Amino acid sequence: MSDDLPLAVRGVGSAEPHSFWSIALPQAFLRLATSRSGLSNREARARLERYGPNQMRPDRREGVVRGLWRRLTQPLVALLLIAAVLAGSVGDFVSSSIIAVVILLSIALEIWQNRRAEAAADKLKRSVAMRAAVMRDGVVAEVPVAQLVPGDVVELRPGDIVPADGWVVESRSMRVDEAALTGEPYPVEKRVGPSGAATPAEAYDVMFAGASLVSGSGVMLTAVTGADTALGRVAAALETEPPASAFQRGLTDLGRLIVKLTIFLSLFVIAAQIAFDRPLMEAFLFALALAVGVTPELLPMVTTVTLSRGAVRMAERRVICKTLSAIHDLGAMDVLCTDKTGTLTAARIGLTSALDIDGQPSAQVLALAAASARLGGDNSPLDKALSAAGPSGEDWRALAAAPFDFQRRRSSVFAERAGARLIIVKGAPEAVLAVCSTVRRAGAWRELDDDARMRVADVVDQAASQGLRCLAVATRAPAESDAPTLSPADERELALEGLCFFADPVKPTSRDAIARLAGMGVRVKILSGDAQAVVAHVAREVGLHASTVLTGDQVAALGDEALAERAASVDLFARLDPDQKVRVVRALSQAGHTVGFLGDGINDAPAIRAADAGLSVDGATDVARAAADLILLEADLGVLAEGVAEGRRTHANILKYIRMATSSNFGNMISMAVASIALPFLPLTPVQVLLNNLLYDVSEAGIPYDAVDPDEARAPHGWDIAHIYHFTLIMGLLSSAFDLASFAILRLAFGAPEAAFQTAWFIESMITQILVVFVIRTGGPCWATRPHPLLIASSLGALGCAIALALAPLGSLFGFANPGAPALAAMLAISCGYLIAAELAKRMIMRGPATSRT
Ligand SMILES: Nc1ncnc2c1ncn2[C@@H]1O[C@H](COP(=O)(O)OP(=O)(O)OP(=O)(O)O)[C@@H](O)[C@H]1O
Ligand SMILES: [Mg+2]
């Protein structure tokens, strides 16, 4: 391989480093040392090594050192570290080293958990990574797009996303959507050059990464990959984060509220200490430790870990999430819009008959349709069925083609056989009839009058009501003088040849799956491009008893508001074009639903993107999969129902942690504030507060693994912040009440001195904080369901540590002193009292009206 290869493609000496498009194709093959049959596997590996993976931007996983630094420089932690240094400088080495150790331990815990979570999520994402059909060692191989290198020859099919920048080598009427790059909304045609273009925008003979193939197919030669592509350079400049989901926004709001409360509390404690003339340094440290203690600093980590754990469990149920927050959206979904073919039906489309207009089987109609599918088809299921059924050995040759698109619903080919030339058009019956003027009946050509049109419509409707799909076939013999070119405008004055009918049986599992989704509060709607009667038939078969079908034309006639109203009550939509699918999805969103859209085609991609939960299947077109947040590994609604349940469970576990964190933090805040006024000393030393915080964090590590009440997975959830506040307030006040009771008993009944008081209270506070997880984890009686062994282990382990540290000789390091058996027994009694009260209070709150729906 030539060493100057990067220069070769970038154009030696050129001011514009990416002017590969000005190089002509034969030159390009030479300079890239490749050919139409592609690179060898060995050479491809070598080039991958040299140019790096074909990714827009490198993986931006945070390294351990950077992660550590970022956390250490967070304001609270930084302040604590400064405090540790200060404590050390006045000779309190024990405090200073314990603070440092506690901080480092909690940061290490967070980094370790986060990395594991990210690794799991990445692995899942890779499993649904895009692939490209690349020539390697002379044969076509499916290769992950990231492994593409300059010099690779790539085959492109409809719905593919162009994987890199390069030249058009072959084009069968390729039309691409370059909106991502140029903003140009209309598809542009791509042909073999040289175009001699001065700017990339005029170069019809080059392809740019990120564009998508709307129709047609072809072959390209890769020039540059990854960050060197035009899109890569734009992507690097933009670096935009996706907008925050409702879930993330709710979390941020909650976090902000807690920060405000924390600042208020810390200032209050410091002021109180100053007012009572207590040692300032200690008061400052205490307030700081308290601030660290009440900040739910683990919330981001716990959500990530819980979500990634949820993602892994969803993957076991054959649903892959590309973004973690999609899990939440899936769980919140209450309307699922789905395409028909391939999700509800088996997509094993077979030709049942090819008839002329009089209803007689016609070999001629079949031969024409098959020729059109083979020459101008795009490998869609209908085309495949026709190609498979048609007579073999047809010697038609394509001179030009106007491939299928979802707006005109026709495809045409300019064909030639033994010197005779013929334009063959096939498509949706209404769409073909609209451009026909004559019809072949009983072997002769007649005018296509209203009578004949009605007759055709009758035949089509009757078949459709039995679930048969239909394509019409028509032809026109071009004039001798006509150039062999073809555009949609040439689809006129056609002669109707006949009709082809196809069966696409409904999947046996669809009915159950829809019933199951309905039971889970998810309403299924069909949004199809197919005919009204076919959609109605499929709906009946899968148990969707809806009488009304809204067609694309009717949707077009409705304004946005009227549509929002109408779409909510109608479950079946037929003859929708891609934009109308988007409109229906938006209308449903606007009506307050969390909308999912499941589809696999080019025509579904925009709606998938518009939906709250965009869903696609593994075998779908690139554009559909790229638009989706979630990919089903099996095109089956049953799989989706499992995924929804899992999404809800994950959400419930996050809520569990939030409830735990907020109620215990809020309770602590009140107790500490009161204690700082009422006691002659601090209720806990700063070091003890930090230790308490660390052990509490460890105890929660098992939550992501815990099971969830079946109730929580039964209905779609919203992010009910009011309910969380309500819960926080009641549970927090309750725990404070018991804290204050222990203060009173320790001081009044036992007259406990400082160290003994702190030890007793440390133990009481650890028991109540940690054990209450077993109460809060379920809405029902806490003994009715068994917690996950990991949660039991993490909670009891942390609690054991806390008690051992407090009572063992080592405890004196932390300022602990054994308060004696009677005081300990009293603390135990108070803890039991608290747990019983919490169990009762919880049932009241959970039974309340606000069981998570927004
Ligand atoms: N390859 C093709 N050639 C000609 N016409 C086609 C072709 N594919 C589809 N059509 C026509 O376009 C219509 C819409 O396409 P299609 O049914 O695939 O849309 P859809 O919304 O994906 O439907 P579905 O819900 O069945 O998946 C079809 O009903 C058919 O009449
Ligand atoms: Mg489809």
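**View 1. Strands 9 and 21 run side by side in parallel.** Here strand 9, residues 335–338, is joined to strand 21, residues 595–598, by four bridges. Look for Cys-337: its bridge partner in strand 21 is Phe-597. Keep in mind that this is a predicted model.

**View 2. Zooming out, strands 9 and 21 belong to an open sheet of eight strands.** Reading across, the order goes 8-23-22-21-9-18-20-19, and the pairing is mixed. At the edges stand strand 8 (319–321) and strand 19 (549–551); each has a single partner strand, so one side of each is left without a neighbour in the sheet. On average, neighbouring strands of this sheet are turned by 20 degrees against each other, direction ignored.

**View 3. Ligand 1 sits among 20 surrounding residues.** The closest are Lys-340, Thr-341, Ala-428, Ser-528 and Gly-529. Two elements give two or more residues to this shell: helix 14 (381–389) and strand 13 (420–427). As for chemistry, the shell splits into nine polar, seven charged and four nonpolar residues.

**View 4. Two domains that each supply at least three residues to the shell around ligand 1 are domain 3 and domain 4.** Domain 3 comes in two pieces, 319–341 + 507–633, while domain 4 covers 350–503.

**View 5. The whole chain, for orientation, has 29 helices and 23 strands.** Its C-alpha atoms fill a box of roughly 115 × 70 × 40 Å along the principal axes. Of the 854 residues, 49% are buried. Among contacts in the chain with a separation of 6 or more, 73% link residues 24 or more positions apart.

Key. Residues are numbered from 1 along each chain as its sequence is written. Chains are lettered from A and ligands numbered from 1 in the order in which they are written. This is a predicted model: local features need pLDDT of at least 70, side-chain atom pairs count only at pLDDT 80 or more; totals for chains, interfaces and linings use all residues. Two strands pair if DSSP finds at least two bridges between them. Axes are lines fitted to C-alpha atoms, for helices over the stretch in contact, and angles run from 0 to 180 degrees between N-to-C directions. A residue is buried if 20 or more other C-beta atoms lie within 10 Å of its own, exposed if 12 or fewer, and partly exposed in between; C-beta atoms are placed from the backbone. Two residues are in contact if their C-beta atoms, placed from the backbone, lie within 7 Å. A residue is near a molecule or strand if its C-beta atom, placed from the backbone, lies within 6 Å of it. Ala, Val, Leu, Ile, Met, Phe, Trp, Tyr, Cys and Pro count as nonpolar, Asp, Glu, Lys and Arg as charged, and the others, Gly among them, as polar. Domain bounds come from an automatic or database domain assignment.
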